[in-house]
Amino acid sequence: MLDFFTILTKGGIVLWSKTFAPIINSPIDALIKEVLIEERADNSNFVKDSYNIKCSFSNELDLIFVVAYQKILQLAYIEELLATIKKFFCEKFAEFIRDTTRLHKYAFDDDFDSILSTLEEKNSKEQNKRLKPRKFEETKKFKDTVEGNKKLSVSDITKPPINPTISEEEIARNIEAVRGGGKPIRGRGNRNKKSGNNRSANGDFSEYKSTKKIMRVWDNKLTKEEMESLDYSSQNETIGIASTIRHNLVDENNLGHRSQDGHYEGSRMFSFFKNITGQKEITEEDLTLVLANMKEHLIKKNVAADIAAHLCDSVSRTLVGQKIGSFKSIRSIVKQSMESALKRILTPKTSVDLLRDISQAQSESRPYTICFIGVNGVGKSTNLSKTCFWLLQNGLKVLIAGCDTFRSGAVEQLKVHVRNLNTLGQNSVVELYERGYGKDAAGIAKDSINFAKANRFDVVLIDTAGRMQDNEPLMRALAKLVTVNNPDKIIFVGEALVGNEAVDQLTKFNQALKDFSGLQNPRHIDGIILTKFDTIDDKVGAALSMAYTTGQPILFVGTGQTYTDLKTMRVGHIVQALLKE
Ligand SMILES: Nc1nc2c(ncn2[C@@H]2O[C@H](COP(=O)(O)OP(=O)(O)OP(=O)(O)O)[C@@H](O)[C@H]2O)c(=O)[nH]1
């Protein structure tokens, strides 16, 4: 009659369960989501698809007892079953439940079967009584039917009483019966299962609940039910039917597994249970699966794999041992904690107010110098020009230093930008300082700064050649340029398209600045411009990887190929995009 019964902690650990029929569409998932997690009104009764699901809570031991059965059934004993199982289980296993230092086996199958059969038997007797004509004659309904010619429906007769209240005495009586103090309880079909010392040799467990063995009396006074219960003649046929039913109704791929103590553990449903949590301390085990999913998710968003792993480890360290409120899913807690971690990483720790810094330099009567570095083709020259446009819009006088003396066409590219920018701004003043190709870039940068100082430029933007992070001679040349000129800001220009590569680039650029500078206090990357942001949809992981690797802010993001496609980064937007499913 039942489809499923489970006992789990509010922390989501299934202590014991029994599946009577394949569960379709996982109604328990819906129960957890709609009733428990979202804390909808009446959280002990729930109808989902073809199921009625009822649960009962033991607040003392933080347990949930859940039963599912077909909603077309009117099972009058469900409340009583839940109450009896709850009391019995809590009493029997209280010590185990409270001891969270290790896993315990909850050998509860036989007790459960006995309680269920007691109640089923009791219920069927009560129904039989109600169905006896003598009783009907006494009922008003019967009189109405006779007098008013009204027909009785089956449900009029069999419907369970609404909101039956189960007394403590009744529950105690049920338990007493199961423990052996009561009358024999008839088995429910698993007679050949060896499950206790009190079983008779032939597997019939009518004696099971009594410590004293009661022999069957083989007289001819068997009731119809007793006759049926002893008739195994159709067993082979039943097996055949069962295999057909299994074939048609059970998705073998979706079957769960059997636990060490032989309990069937469904697949999806259980994993969902593991995600709910009550007033308990979070353990590493609770987090494993959710964090593995989170790591996968971040990597899909293009976060470098190592960084995704570090972040998940740090979230785990933060959460393990924390006490958390009832029915919050581990997933939502992890998400919340990850959100804070992401915000922390992405929020600038140093000033991103370039205009204020420039104004400071103005007050010192010197040009503010910014050096753009990065690997080949990432958009250094283009985004240097966009930055220049922004500075010009702010009324500043800008000198661009053409220090890419390596790639042919680099200087001409800058000339075009300077011409464009001068045309665009009404009172803009931007000039290019260049000495062609093949010369020492560090020297050209130095000359340009001197020129800027002499000619009262507010800012010098130094364009450098693109170089791969493993090219030592070029990295040495870059370190020299930085050492000689000591720019106010070293901006790393990186593509938003990179994944794992981002970490390698940044680490090696910083390492080169340190190793090849010959300075006691070497410089490092001060900020980042993330280019081609318009091409990555929500795969914004590079922003995180770069900020994490350098500990420096993303000053701007490049969002296209025009001068206005330079935006300041909104931390909230990046975090949202990173966590978006
Ligand atoms: N979609 C898009 N394209 C960009 C963006 N920034 C730069 N680009 C394009 O990227 C290409 C390379 O840009 P450059 O500025 O020449 O790159 P670079 O880093 O100076 O190149 P090297 O000097 O060879 O290292 C050009 O076609 C740019 O138009 C951006 O934010 N979005």
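The accessible surface of this protein chain comes to about 30500 Å², and 50% of that area belongs to carbon and sulfur atoms. I should say at once that what we have in front of us is a predicted model, so please hear every value that follows as computed from that model.

To stay with the chain as a whole for a moment, there are 581 residues, of which buried ones make up 47%. The secondary structure comes to 21 helices and 17 strands. If we take the contacts between residues at least 6 apart in sequence, 71% of them join residues that are at least 24 apart.

One example of two residues that are distant along the chain is the pair Ile324 and Glu281, which are 43 residues apart in sequence, while their C-alpha atoms are separated by 6.7 Å. Ile324 belongs to strand β9, which runs over residues 323-324, and Ile324 counts as buried because its relative accessibility is 7%, where the cut-off for buried is under 20%.

Let me turn to the ligand. Which residues come nearest to it? Of the 21 residues around the ligand, those are Gly379, Lys380, Thr382, Asp534 and Gln561. Sorted by class, this shell has 13 polar residues, six charged residues and two nonpolar residues. Helix α15, residues 380-393, provides the largest share of the shell, namely five residues.

As for individual polar distances, an N or O atom in the side chain of Lys380 is 2.7 Å from an oxygen atom of the ligand, and for the side chain of Arg407 the corresponding distance to a ligand oxygen is 2.9 Å. Lys386 also has a polar side-chain atom that lies 3.3 Å from an oxygen atom of the ligand. On its own the ligand has 660 Å² of accessible area, and the protein covers 82% of it.

Next, two backbone positions that I would ask you to look at in the structure. Most residues other than glycine have a negative phi. Asn302, which is not a glycine, nevertheless has a positive phi, near 80°; this residue sits in the loop between α11 (284-300) and α12 (305-319). Lys532 likewise is not a glycine and has a positive phi, of about 60°, and its place is the loop between β15 (527-531) and α20 (541-550).

Are these two residues buried or exposed? Asn302 counts as buried, because its relative accessibility is 17%, whereas Lys532 is partly exposed, because its relative accessible area is 28%.

Finally, there is a stretch that carries an annotation. The UniProt record, which is an unreviewed entry, gives "domain: SRP54-type proteins GTP-binding" for residues 553-566. In the model, the C-alpha atoms at the two ends of residues 553-566 lie 15 Å apart, and the span is 43% strand and 0% helix.

Gln552 lies in the loop between α20 and β16 (554-558), and Gln552 is buried, because its relative accessible area is 12%. What does Gln552 touch, if we do not count residues up to four places away in sequence? The residues in contact with Gln552 are then Thr350, His524, Ile525, Asp526, Gly527, Ile528 and Ala547.

Key
Residues are numbered from 1 along each chain as its sequence is written. This is a predicted model: local features need pLDDT of at least 70, side-chain atom pairs count only at pLDDT 80 or more; totals for chains, interfaces and linings use all residues. Side-chain values use heavy atoms; hydrogens and water are left out. Helices (H or I, at least four residues) and strands (E, at least two) are DSSP runs, numbered from the N terminus. Buried means under 20% relative accessible area, exposed over 50%, partly exposed in between (1.4 Å probe, protein chains only). Contact means heavy atoms within 4.5 Å. Accessible areas come from the Shrake-Rupley method with a 1.4 Å probe; for residues, only the protein chains shown count as cover. A residue is near a molecule or strand if one of its heavy atoms lies within 4 Å of it. A polar contact is a pair of N or O atoms within 3.5 Å; within protein, one must be able to donate a hydrogen and the other to accept it, and residues adjacent in sequence count only if both atoms are side-chain atoms. Ala, Val, Leu, Ile, Met, Phe, Trp, Tyr, Cys and Pro count as nonpolar, Asp, Glu, Lys and Arg as charged, and the others, Gly among them, as polar. UniProt positions are given in the numbering used here, feature names are shortened, and annotations may be inferred rather than shown by experiment.
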